[in-house]
Structures are given as structure tokens and as C-alpha cells.
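This report describes how two protein chains are built and how they pack against each other. Please keep the sequence and the three-dimensional view at hand while reading.

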Amino acid sequence: MEHTTLAHHLLLAGLLFALGLAGVLVRRNLLVVYMCLELMLAAATLALVAFSRFNRTMDGAVLVFFVITVAAAEVAVGLALIVALYRRRGTVSSERLDVLRP
Amino acid sequence: MPDGLFIFFAALTLGAASLLVLSRNAVTSAMGMILALVGVAADFFLLDAYFLGVLQVLVYAGAVMVLFLFIIMLLDTEDPTDSYPWRKAAGGLAVFFLLAAGVLWLFHWSGAVPNTPAGATPPELTAAPSEFATAAKAFGRLLYTKYLLPLEIAGLLLLTALVGVVSLSKDAPAGQA
């Protein structure tokens with residue numbers, strides 16, 4: 001533990017965030033896009049915990065607690081929206097949901 | 001050099017995240033997501049945030065991903081006519097490499113992020129009101145004193161989400177489908 005620095009953890013968080021963003025841009029299955037969004041949130045919480053640990057303060061960790069709470073609520077509502085969308089349109093592919101596209 | 005456990009869990013997290021992004025099968029993607037979240041939780045443990053690590057495994061890798069798997073299996077999201085969008089994939093890969101290069105530059109060559117050792121306290125934080133502690137008790141004390149109002153708001157938010165999900169998942173009115 002004494003050999004890992006703040007930069008190592010932030011590097012991991014940044015790479016994880018980049019992977020999640022690439023997934024959001026590339027994938028078309030809305031469920032997978034949603035999982036990639038969650039991955040970006042997890043990367044942000046990782047950075048928060050790392051800053052909190054290396055600055056010897058508790059506030060970042062408490063903020064992560066709230067982020068997890070909000071993410072849980074968000075997943076519930078988002079998945080309900082996706083299910084409602086599937087009922088109406090019969091697909092969850094972002095390519096086929098083009099009603100608003102000119 | 002970082003220690004072996006960190007390298008192992010970082011590699012596990014990044015590999016599982018790549019599996020999530022690259023796999024065509026949604027269930028495989030979900031499995032990669034679970035592995036990646038467990039890797040993040042292990043990193044929380046390495047950062048002495050034991051309570052958050054346990055919470056991450058219970059809430060994220062447990063409840064949230066089970067919900068995802070239920071929905072994936074309920075919806076039958078396989079679309080055989082789909083082809084992989086290579087141009088969009090190239091764009092996404094370019095974004096990924098740009099971001100990754102920026103992150104590497106920021107942390108290894110720009111010198112903007114200080115390499116504070118784990119035990120040392122930066123001088124401007126020695127008078128911090130909340131000391132870092134690993135016990136769940138420290139969380140509880142902060143949550144019910146300094147962060148009482150956000151805690152109440154979070155509870156209200158969960159209630160709102162509950163009501164919203166119930167009203168969303170009712171049957172759509174006839175004739176609108």
C-alpha cells in the first residue's frame with residue numbers, strides 16, 4: 001500500500017472513465033450504454049475515494065455514499081424507462097429509436 | 001512502483017471494463033460490469049475505505065446488477081440484423097485513446113498532481129474538521145451531524161424514485177402504443 005500514490009489511483013479512475021465514455025459512444029444497445037454510464041460513475045467515485053484517502057479527510061468518502069444512493073435511484077428509474085420504451089417501440093437499439101430524427 | 005495487489009485489481013478492473021464495452025452479448029457485458037465493479041470495490045479496500053467497499057459490492061455488484069440482468073433477460077435485446085458500427089467504433093476508440101493519453105500526460109509528465117505519500121497530511125488540511133477514519137462509525141457520525149440535510153434529501157429522492165418507478169411500470173394506456 002505504501003508504494004501506490006494518488007496518481008496511480010487517479011490514473012486507474014481516468015482510464016475507467018475513458019473506457020465508459022468510449023462504450024457510451026460506440027454501443028447501440030441502450031442497456032449496455034446505461035451500464036457504461038454506471039461505469040463512468042464508478043470511476044468518479046474511485047477518484048473521490050482516492051482524494052479523500054490521500055488528503056486524510058472524510059468528506060469525499062461521505063460524498064461517495066450519496067453518489068451510490070443517487071445512482072441506485074437513477075438505475076431504478078432508468079430501467080423502468082427502458083422497459084416502458086421497449087413496450088411501446090419493441091426495441092432498445094438506439095439506432096432504431098429515431099422518431100425525433102429529421 | 002505500486003504494489004502487486006493494486007496492479008492485479010487494476011488490471012482486473014480494466015479488463016472487465018473492456019469486456020463490458022466490447023462484448024456483443026448483453027449478458028456477457030453485464031458479467032464484465034459486475035467484475036469491474038468488484039475490482040473497483042477491491043480498490044476501495046486498498047484505499048482503506050472498507051465501508052464503501054462493502055457498500056459497493058452489496059448495492060452495485062449485488063442489487064443493481066441483478067436488476068440489470070433481470071431486464072436484459074426480460075427484454076430479449078438480441079438484434080440479429082445489427083452490424084457493428086465500425087465508423088462509430090473508430091470514433092469511440094479515437095476518443096478513448098485521446099482521453100487515455102491526456103490522463104497519462106496529466107499524471108506522469110505534467111507534474112500537476114502531487115505525489116503525496118499515503119500517510120502524510122497536506123499542511124492546509126491539518127485543521128480539517130473531519131479526520132479520516134476507516135470505521136463505519138465515523139460515517140454514521142458525519143451522516144447525522146454535518147450531512148444531516150443531504151441525508152434527508154437522499155431519503156426523499158429514494159421515495160420519489162420509488163413512486164416514479166411504480167407509475168412508470170404500469171400498463172401503457174390503450175391506443176397509444
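## Overall organisation of chain B

The secondary structure of chain B consists of 6 helices and 0 strands. Along the sequence, chain B therefore reads as the pattern α-α-α-α-α-α, a helix being a DSSP run of at least four residues. The model discussed here is predicted.

Chain B is divided into two domains: domain 1 covers residues 1-77, and domain 2 covers residues 133-168. The C-alpha centres of domain 1 and domain 2 of chain B lie 23 Å apart. Of the 177 residues of chain B, 25% count as buried. Among the contacts in chain B with a separation of 6 or more, 41% are made by residues 24 or more positions apart.

## The contact between the chains

How many residues does the contact take from chain B and from chain A? The contact takes 76 residues from chain B and 65 residues from chain A. On the side of chain B that touches chain A, α1, α2, α3, α4, α5 and α6 (148-168) each supply at least two residues. The helix that gives the most to this side is α4(B), with 11 residues. By residue type, the side of chain B that touches chain A divides into 57 nonpolar, 12 polar and 7 charged residues.

## The nonpolar core

In soluble globular proteins, nonpolar side chains tend to be buried together. The largest nonpolar core of this model has 72 residues. The residues with the most contacts inside this core are A:Leu16, A:Leu31, A:Met35, A:Leu39 and A:Val49. Several helices of both chains each supply at least two residues of the core. In chain A these are α1 (6-26), α2 (30-54) and α3 (59-89). In chain B they are α1 (4-22), α2 (26-46), α3 (50-75), α4 (86-108) and α5 (136-144). The largest share of the core, 14 residues, comes from α2(A). Domain 1 (1-77) and domain 2 (133-168) of chain B both give residues to this core, so the core lies between them.

A:Leu31 illustrates how a residue of the core can have partners in both chains. Not counting residues up to four places away in sequence, A:Leu31 touches A:Ile82 and A:Val92 in chain A. In chain B, A:Leu31 touches B:Ala26, B:Phe68, B:Ile71, B:Ile72 and B:Thr77.

## A pair of helices across the contact

Two packed helices are described by the angle between their axes and the distance between the axes. The axes of α1(A) and α1(B) come within 9 Å and cross at roughly 5°. Angles under 35 degrees count as roughly parallel, and α1(A) and α1(B) are therefore roughly parallel to each other.

Which residues of the two helices meet? From α1(A) come A:His8, A:Leu12, A:Leu15, A:Leu16, A:Leu19, A:Ala22, A:Gly23 and A:Val26. From α1(B) come B:Phe6, B:Ala10, B:Thr13, B:Leu14, B:Ala17, B:Ser18, B:Leu20 and B:Val21. The residues of this contact divide into 12 nonpolar, 4 polar and no charged.

## Individual residues in chain A

A:Ala47 is located in helix α2 of chain A. A:Ala47 has 19 other C-beta atoms within 10 Å, and 20 or more are needed for a residue to be buried, so A:Ala47 is partly exposed. Leaving aside residues up to four places away in sequence, A:Ala47 touches A:Leu10 and A:Ala13. The C-alpha atoms of A:Ala47 and A:Arg28, 19 residues apart along the chain, are separated by 28 Å.

A:Phe65 is found in helix α3 of chain A. Is A:Phe65 buried or exposed? With 20 C-beta neighbours inside 10 Å, A:Phe65 counts as buried. A:Phe65 and A:Ala80 are 15 residues apart along the chain, and their C-alpha atoms are separated by 23 Å.

## Individual residues in chain B

B:Leu5 has its place in helix α1 of chain B. With 14 C-beta neighbours inside 10 Å, B:Leu5 counts as partly exposed. B:Leu5 and B:Phe107 are 102 residues apart in sequence and 21 Å apart in space, C-alpha to C-alpha.

B:Asp48 lies in the loop between α2 and α3 of chain B. Phi of B:Asp48 is near 70°, a positive value in a residue other than glycine. B:Asp48 has 18 C-beta neighbours inside 10 Å and so counts as partly exposed.

Methods:
Residues are numbered from 1 along each chain as its sequence is written. Chains are lettered from A and ligands numbered from 1 in the order in which they are written. This is a predicted model: local features need pLDDT of at least 70, side-chain atom pairs count only at pLDDT 80 or more; totals for chains, interfaces and linings use all residues. A nonpolar core is a set of buried Ala, Val, Leu, Ile, Met, Phe, Trp, Tyr and Cys residues joined through C-beta atoms within 7 Å. A residue is buried if 20 or more other C-beta atoms lie within 10 Å of its own, exposed if 12 or fewer, and partly exposed in between; C-beta atoms are placed from the backbone. Domain bounds come from an automatic or database domain assignment. Two residues are in contact if their C-beta atoms, placed from the backbone, lie within 7 Å. Axes are lines fitted to C-alpha atoms, for helices over the stretch in contact, and angles run from 0 to 180 degrees between N-to-C directions. Angles under 35 degrees count as roughly parallel, over 145 as roughly antiparallel, 65 to 115 as roughly perpendicular and the rest as oblique. Ala, Val, Leu, Ile, Met, Phe, Trp, Tyr, Cys and Pro count as nonpolar, Asp, Glu, Lys and Arg as charged, and the others, Gly among them, as polar.
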